[in-house]
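I opened the notebook to look up a metal site, a pair of strands and a surface patch. The entries follow the order in which I checked them.

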Amino acid sequence: MYALADCNNFFVSCERVFNPALNGRPVIVLSNNDGCAVSRSNEAKALGIGMGVPLFQVKDIVRKYKIAVLSSNYALYGDMSKRVHATLRQLAPAIEIYSIDEAFLDLRGLEHEDLGAFARRASALCLKNTGIPVSIGVAPTKTLAKVASKWCKNRPPMKGGYFLNSQEERERILRVTPVEDIWGIGRRFAKKLYENNVTTAWDFTQIPGEWVQKKMSITGWRTWKELQGEACIAFADHTPAKKQICVSRSFSKEIFDYEKLVEQVSLFTFMVCEKLRKQESVCSQAVVFVLTNRFKENVPQQVESRMVTFPVATSGTPEINQSVLRELSYLFRKGYGYKKAGVILSGILPRQAVQLHLYDTRDREKQDRLMQVMDEINTDMGPGTLSVATASTKGIRMSRQHLSPQYTTKWEDIPIVHCK
Ligand SMILES: [Mg+2]
């Protein structure tokens with residue numbers, strides 16, 4: 001048996017934990033640079049605000065219904081996500097983190113328990129420990145667990161947990177689930193299925209397996225079997241180390257100034273190296289790229305990248321930063337307005353697998369110790385307490401006009417409780 005725990009309207013819920021004035025009101029959280037609505041409270045959904053809709057398109061509704069608008073506060077969401085996962089970890093033998101707001105639980109060995117009660121208890125515990133409402137669906141396959149979690153999401157009497165076990169229940173729910181809502185059915189296949197009069201998840205389970213095998217991908221075939229109750233998507237209880245790590249952002253305004261661009265790219269390098277060390281890896285290549293604003297006509301355009309290869313695979317921020325900035329100096333052109341930049345690390349290996357180089361003169365032990373101290377200080381004192389001198393101290397140049405405080409990751413932002 002598997003469970004899928006999905007946080008309801010996650011970004012909005014995180015904001016509400018520390019700002020209860022947002023409860024009961026329509027709220028939306030925007031993507032980077034305050035572009036589109038990426039999380040909506042139920043009240044905002046009811047007003048017809050679609051997922052991913054640009055803010056300017058709904059300006060009138062926002063004003064009319066006094067919708068609370070917030071910039072995305074990833075420091076807060078990342079930390080709250082960790083708290084939810086920590087609670088889930090106490091409940092199940094193994095957990096697979098699927099995204100910032102979703103995790104699968106492996107419930108093998110718990111089959112003798114009342115799993116409906118288990119799901120409701122787990123949801124209540126997440127709410128108590130973190131303040132986040134979580135919908136937990138339990139079923140014999142991961143795909144059905146997703147269906148079950150969605151089923152209890154907007155049904156308050158189910159108390160955030162549902163065990164989808166009987167054949168009758170499965171049929172009843174799949175009959176009212178649109179086929180495009182099923183995990184693993186992409187938009188392209190949904191279209192193809194609609195053309196063949198397959199509109200619900202139940203219809204999909206009723207078409208012959210041979211047709212699915214012939215006309216759809218292996219994912220479609222697995223999904224078909226999973227909906228019948230045959231588990232065939234494996235459980236991954238550890239996240240495999242990433243083969244490539246990237247940090248990139250679009251800027252709120254084009255950057256023309258070389259020093260300003262250096263500050264940003266250096267900050268990206270700092271962040272990407274931190275991620276690399278977190279997964280205990282080293283890299284042998286780094287790519288830096290820059291993009292001008294392709295939506296502006298009649299201005300010079302540049303989309304270009306440069307790569308460096310390190311003779312000895314490394315995770316040292318100063319070393320990688322130095323090389324990245326050298327490449328950036330070759331990329332930069334005066335008079336060009338840069339809208340986006342990023343740094344990608346590749347050739348990633350486990351830290352223990354480093355091949356030394358005969359003529360390497362760098363004191364690698366010292367560099368490793370320095371990075372370890374830097375990471376420890378940044379964990380204890382807050383992100384970015386120690387950085388490289390070339391990196392911006394003001395953060396990424398993004399437009400975040402409606403940003404809430406970093407309640408849980410910044411000392412100055414911790415809420416103060418006044419007692420009378
Ligand atoms: Mg969610």
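Entry 1, the metal site. I read the donors of the magnesium ion along the chain and found the spacing D-C-x93-D. The two aspartates link distant parts of the chain: aspartate 6 is in strand 1 (residues 2-7), and aspartate 101 is in the loop between strand 5 (94-99) and strand 6 (102-106), 95 residues apart. Helices (H or I, at least four residues) and strands (E, at least two) are DSSP runs, numbered from the N terminus. I then listed the coordinating atoms as Asp6 (OD), Cys7 (O) and Asp101 (OD), at 2.2 to 2.6 Å. Donors are N, O and S atoms within 2.8 Å of the metal (3.2 Å for Na, K and Ca); water is not among the atoms, so sites may look incomplete. I found both aspartate 6 and aspartate 101 buried.

Entry 2, notes on the model. This is a predicted model, where local features need pLDDT of at least 70 and side-chain atom pairs count only at pLDDT 80 or more, while totals for chains, interfaces and linings use all residues. Residues are numbered from 1 along each chain as its sequence is written, and side-chain values use heavy atoms, with hydrogens and water left out.

Entry 3, the strands. I saw that strand 5 and strand 6 run antiparallel and are joined by 5 bridges; pairing requires at least two bridges found by DSSP. They form a hairpin with 2 residues between them. Isoleucine 95 has leucine 105 in strand 6 as its bridge partner.

Entry 4, tryptophan 411. I located tryptophan 411 in the segment after helix 14 (364-381). Tryptophan 411 counts as exposed because its relative accessibility is 59%. Buried means under 20% relative accessible area, exposed over 50%, and partly exposed in between (1.4 Å probe, protein chains only).
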